[in-house]
Amino acid sequence: LIERHRRLEVDERMDADGRVLVPLDEAAVAAAATRLIELGAESVVIHFLHSYINPAHEARAAEIVSAIWPNRHVTAGHTVVAE
């Protein structure tokens, strides 16, 4: 399990039909990635609610994190289990 202090949230929300309710806060994604690096995280999983129906926010967050992350250990949840 991931320790609670390493589970960070960013503003974004899709509804169950895949419609954007709250746009992805890209600056918050970059800040969260930087914080996880500071905490000593070696890998990151990006997992948002309802990404199985619309993975756009997860995919964009993965792009942002991958540009910052010091290795290739960045995973978006919808690429592992798309349901």
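Trainee: Quick one on histidine 50. Buried or exposed?
Mentor: Histidine 50 counts as buried, because its relative accessibility is 17% and the cut-off for buried is under 20%. Keep in mind that this is a predicted model.

Trainee: Where is histidine 50 found?
Mentor: Histidine 50 sits in the loop between strand 3 and helix 2.

Trainee: And what about phi of histidine 50?
Mentor: Phi there is near 65°. That is a positive value, and the residue is not a glycine.

Trainee: Let's zoom out. How many helices and strands does the protein have?
Mentor: Two helices and four strands.

Trainee: In which order do the elements run from the N terminus?
Mentor: The order is β-β-α-β-α-β.

Trainee: What does the radius of gyration say about the protein?
Mentor: The protein has a radius of gyration of 12 Å. A compact globule of 83 residues would come in near 12 Å, so the two agree. As for the box, the C-alpha atoms fill roughly 35 × 25 × 25 Å along the principal axes.

Trainee: How many of the 83 residues are buried, as a percentage?
Mentor: Buried residues are 33% of the 83.

Trainee: And the surface? How much area does the protein expose?
Mentor: About 5600 Å². Carbon and sulfur atoms supply 52% of that area.

Trainee: Now the inside. How many residues are in the largest nonpolar core?
Mentor: The largest nonpolar core has 17 residues. Val29, Ile46, Val65, Trp69 and Val74 have the most contacts inside it.

Trainee: Which helices and strands supply at least two residues of this core?
Mentor: Four elements do so: helix 1 (26–38), strand 3 (44–46), helix 2 (56–68) and strand 4 (74–76).

Trainee: Take isoleucine 46. What is it in contact with, leaving aside neighbours within four places in sequence?
Mentor: Isoleucine 46 contacts Glu58, Ala61, Ala62 and Val65, and also Val74, Thr75, Ala76 and Gly77.

Trainee: What share of the contacts with a separation of 6 or more comes from residues 24 or more positions apart?
Mentor: That share is 64% in this protein.

Trainee: Changing topic. Where does leucine 8 sit?
Mentor: Leucine 8 is in the segment before strand 1 (13–14). Leucine 8 is partly exposed, because its relative accessibility is 38%, and partly exposed lies between 20% and 50%.

Trainee: What does leucine 8 touch, not counting residues up to four places away?
Mentor: Ala32, Arg35 and Leu36. As for valine 29, its C-alpha atom is 9.3 Å from that of leucine 8, and the two are 21 residues apart along the chain.

Trainee: And arginine 7, where does that lie?
Mentor: Arginine 7 also belongs to the segment before strand 1. Its relative accessible area is 46%, so arginine 7 is partly exposed. Arginine 7 and valine 45 are 38 residues apart in sequence, with 9.5 Å from C-alpha to C-alpha.

Trainee: Next, glutamate 42. Buried or exposed?
Mentor: Exposed, with a relative accessible area of 63%. Glutamate 42 has its place in the loop between helix 1 and strand 3.

Trainee: So what is glutamate 42 in contact with, leaving aside neighbours within four places?
Mentor: Glutamate 42 contacts Trp69, Asn71 and His73. From glutamate 42 to alanine 76 it is 15 Å, C-alpha to C-alpha, across 34 residues of sequence.

Trainee: How about alanine 67, buried or exposed?
Mentor: Alanine 67 is exposed, at 67% relative accessibility. Alanine 67 lies in helix 2. The C-alpha atoms of alanine 67 and alanine 27 are 13 Å apart, with their positions 40 residues apart in sequence.

Trainee: Last one, charges. How many are positive and how many negative?
Mentor: The protein has 8 positive and 13 negative charges. Their mean positions are 5 Å apart.

Definitions and conventions: Residues are numbered from 1 along each chain as its sequence is written. This is a predicted model: local features need pLDDT of at least 70, side-chain atom pairs count only at pLDDT 80 or more; totals for chains, interfaces and linings use all residues. Side-chain values use heavy atoms; hydrogens and water are left out. A nonpolar core is a set of buried Ala, Val, Leu, Ile, Met, Phe, Trp, Tyr and Cys residues joined through side-chain atoms within 4.5 Å. Buried means under 20% relative accessible area, exposed over 50%, partly exposed in between (1.4 Å probe, protein chains only). Contact means heavy atoms within 4.5 Å. The radius of gyration is taken over C-alpha atoms; the globule rule is 2.2 Å times the number of residues to the power 0.38. Accessible areas come from the Shrake-Rupley method with a 1.4 Å probe; for residues, only the protein chains shown count as cover. Lys and Arg count as positive and Asp and Glu as negative; His and the chain ends are not counted. The place of a charge is taken as NZ of Lys, CZ of Arg, CG of Asp or CD of Glu.
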